[in-house]
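Colleague: I should like to learn how the side-chain and backbone features of a model are read. Could we take them in turn, with the general idea before each case?

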Amino acid sequence: MSDKKKECAKVISQEMIATDVYSMWLSCPEVASVARPGQFISLYCADEAHILPRPISLCEIAAQEGKLRIVYRKVGFGTEEFSQMKEGDEVVILGPLGNGFSDEGGKAILVGGGIGVPPMLEFAKHIKGEKVAVMGYRNQELFLKEEFEQYLPLIVATEDGSAGTKGNVIDAITSEQIKGDVIYACGPMPMLRALKEFAAKHQMKCYISLEEKMACGIGACLGCVCKTKHVDEHSKVHNARICTEGPVFDAEEVEI
């Protein structure tokens, strides 16, 4: 996007909120001032041997205070490094990147699964009409539960049945007989496929945020493409770059 900026962000705070899941607030006035729900930032490692940045979705945006919140899972070298950071540490970031969510009107069902839960929080604040959230977790570690409940009713599903509905988010939507006009979702691909099918069956709009390994994060390398119905103007084939045309897509426009 034209308003993306590279900025040296300062860590305000960081804490582990579930097993290997960390919440970090960053002071980055320039990036925060133009960020929108559903976008992400790329964080650069201090170790110059690891030149590719790590993309992490935005969880909360406090534009007036010049800060952003990211919630991420520690899974590799980059996130291991970030998880060790403390208040006052600095990290170079690039952002905001990608296209985010837009409120389409009607009753909204916000769905998140696993580490796809955090990106839905900021959007939950922005939807003006009737709304409900359905979040899927592995177990009873319901990170961000209290934050979501400040903005909308929350239904929970857990894989092991330790909280809420036992099963996945579709099981929870079905068992709670949740109705709506549009689904907004972020999470693992099997969940997104199921929601796309569910939405089509019930004549609902569905917008999904795709997660993919990225290299450049700015659309130059074509390393994070997905198949689409329409021809991409950049590559002239049936694909779209998740980092720029996405990560949010109309589910009917992409093949997943």
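Modeller: Let us begin with the aromatic cluster that F101, F123, Y184 and Y207 form. The model is a predicted one.

Colleague: How is a pair of aromatic rings described, and how many such pairs does a search of the whole structure find?

Modeller: Two quantities describe a pair of aromatic rings: the distance of the centres and the angle of the planes. The search of the whole structure yields six aromatic pairs. One of them joins F101 and Y184, with centres 6.0 Å apart and 85 degrees between the planes, an edge-to-face arrangement. This pair links distant parts of the chain, 83 residues apart: F101 belongs to the loop between strand 6 (90-97) and strand 7 (108-113), and Y184 to strand 11 (residues 182-186). F101 is buried, its relative accessible area being 5%, and Y184 is buried at 0%.

Colleague: What is the geometry of the pair of F123 and Y184, and which parts does it tie together?

Modeller: F123 and Y184 also meet edge-to-face, at 4.8 Å centre to centre and with 75 degrees between the planes. Because F123 lies in helix 3 (residues 119-126) and Y184 in strand 11, the pair ties together parts 61 residues apart in sequence. F123 and Y184 are both buried.

Colleague: Is helix 3 largely enclosed or largely open?

Modeller: Six of its eight residues are buried, so helix 3 is largely enclosed by the rest of the structure. The buried residues are P119, M120, L121, E122, F123 and A124. They pack against strand 4, strand 5, strand 7, strand 8 (131-137), helix 4 (145-149) and strand 11.

Colleague: How should one read helix 6, beginning with its span?

Modeller: The general idea comes first. An α-helix has 3.6 residues a turn, so residues three or four places apart point the same way. Helix 6 (residues 189-201) has 13 residues, which at 1.5 Å a residue should span 18 Å; the C-alpha atoms at its ends are 18 Å apart, in agreement. Within helix 6, M191, L192, L195, F198 and A199 are buried. Viewed down the axis of helix 6, the buried residues fall within an arc of 125 degrees, so they line one face of the helix.

Colleague: What covers the buried residues of helix 6, and which exposed residues does the face turned away from its buried side carry?

Modeller: The cover includes strand 7, helix 5 (169-175), strand 11 and strand 12 (205-209). The face turned away from the buried side of helix 6 carries the exposed residues P190, E197 and K201. Q203, which follows helix 6, has a positive phi near 55 degrees.

Colleague: In what sense do strand 3 and strand 4 pair, and how many bridges join strand 4 to strand 5?

Modeller: Strand 3 (residues 40-43) pairs with strand 4 (residues 54-62) in the antiparallel sense, over four bridges; L43 has R54 in strand 4 as its bridge partner. Strand 4 and strand 5 (residues 67-73) run antiparallel and are joined by four bridges, with I70 in strand 5 as the bridge partner of L58. The hairpin of strand 4 and strand 5 has four residues between the strands, and G66 there takes a positive phi near 70 degrees.

Colleague: Where does the charged end of K6 sit, and over which ring does K67 lie?

Modeller: The charged end of K6 is placed over the ring of Y44, 4.5 Å from the ring centre. K67 lies over the face of W25, 4.7 Å from the centre of that ring.

Definitions and conventions. Residues are numbered from 1 along each chain as its sequence is written. This is a predicted model: local features need pLDDT of at least 70, side-chain atom pairs count only at pLDDT 80 or more; totals for chains, interfaces and linings use all residues. Side-chain values use heavy atoms; hydrogens and water are left out. Rings of Phe, Tyr and Trp (its six-membered ring) pair if their centres lie within 6.5 Å; planes under 30 degrees apart count as stacked, over 60 as edge-to-face and the rest as tilted. Helices (H or I, at least four residues) and strands (E, at least two) are DSSP runs, numbered from the N terminus. Buried means under 20% relative accessible area, exposed over 50%, partly exposed in between (1.4 Å probe, protein chains only). A charge sits over a ring if NZ of Lys or CZ of Arg is within 6 Å of the ring centre and within 35 degrees of the ring normal. Two strands pair if DSSP finds at least two bridges between them. The expected span of a helix is 1.5 Å times one less than its number of residues. The arc is that of the directions from the helix axis to the C-beta atoms. Contact means heavy atoms within 4.5 Å.
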